[in-house]
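Visitor: I have a structure to discuss. Could you take me through it?

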Amino acid sequence: MLVFAAITSHSPLLLPAIGKENCQKLKKTLEAHKLLANALAQAKPDTLLIFSAHAGTLPDSFPLIIAPNFRANFQEFGDLATTLERPPDLRLMESIRRLRYQTPALPINPLTEEFLDYGSAVPLHLLTGALPHVKVAILGDSRFSLEQHFELGKTLAEVLHKNTSRIAVIASADLAHTLTDSAPGGYSPVGKKFDAAVVQALRKDDYKKLLKLETQM
């Protein structure tokens, strides 16, 4: 059953050892993650299903990340001390894998990767401190359209509601990354407009507007 769902950011700067003085600038975001962590702990999930755009992208299918055990570190960002390890939910992963036979128009293929991408690792580190034994399943994205991603989400919802385990869903998401000259994507005048449109659509639960953003921006 689905017991929790949230959209989170995944900037490595949210980790004190990496963000350092920048953590003060990210105070509101860190406080929001603490609220989410408390709510997630109260939901008592058995499994965390993470959607991460950094987990891998396949051109003609959705990647389901496969590993006997998931591990993560943040050495690429200069943090040599922080690590985490979580077991996979093999039963849920098998249920998701079977969807490739039920919905051939939305193929799901395994992608073996033991070390988690930072889009998965950062939310796990920030949100599951009180859930050291929570199991994990991870899906990446594809080159399919937004509408096809949405259809996959609806299909997955049916799987999650039928599952007897308590499952929490985290969408590890990006916004524009183009609000300043020093941003990862450089500056774009469309960036602020894009961010505002996404936030407004989420607040109004207007998924149709989100699906149109690909052509509007």
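Visitor: How far apart are the mean positions of the positive and negative charges of the protein chain?
Guide: They are 6 Å apart, taken over 24 positive and 22 negative charges. Lys and Arg count as positive, Asp and Glu as negative, and His and the chain ends are not counted. Each charge is placed at NZ of Lys, CZ of Arg, CG of Asp or CD of Glu.

Visitor: What kind of model is this, and which atoms do side-chain values use?
Guide: The model is predicted: local features need pLDDT of at least 70, and side-chain atom pairs count only at pLDDT 80 or more, whereas totals for chains, interfaces and linings use all residues. Side-chain values use heavy atoms, without hydrogens and water, and residues are numbered from 1 along each chain as its sequence is written.

Visitor: On to helix α7. Which of its residues are buried?
Guide: In α7 (residues 189–203), Gly-191, Asp-195, Ala-197, Val-198 and Ala-201 are buried. Buried means under 20% relative accessible area and exposed over 50%, with partly exposed in between (1.4 Å probe, protein chains only). Helices are DSSP runs of H or I, at least four residues, numbered from the N terminus.

Visitor: Why do they line one face of the helix?
Guide: Seen down the axis of α7, the buried residues fall within an arc of 165°, so they line one face. The arc is that of the directions from the helix axis to the C-beta atoms.

Visitor: Which exposed residues does the face turned away carry?
Guide: That face of α7 carries Pro-189, Lys-192, Lys-193 and Arg-203.

Visitor: What follows α7?
Guide: Asp-205 follows, and its phi is positive, near 55°.

Visitor: How much of the whole chain is buried?
Guide: Buried residues make up 42% of the 217 residues.

Definitions and conventions:
Helix = DSSP H or I, 4+ residues; strand = E, 2+ residues; numbered from the N terminus.
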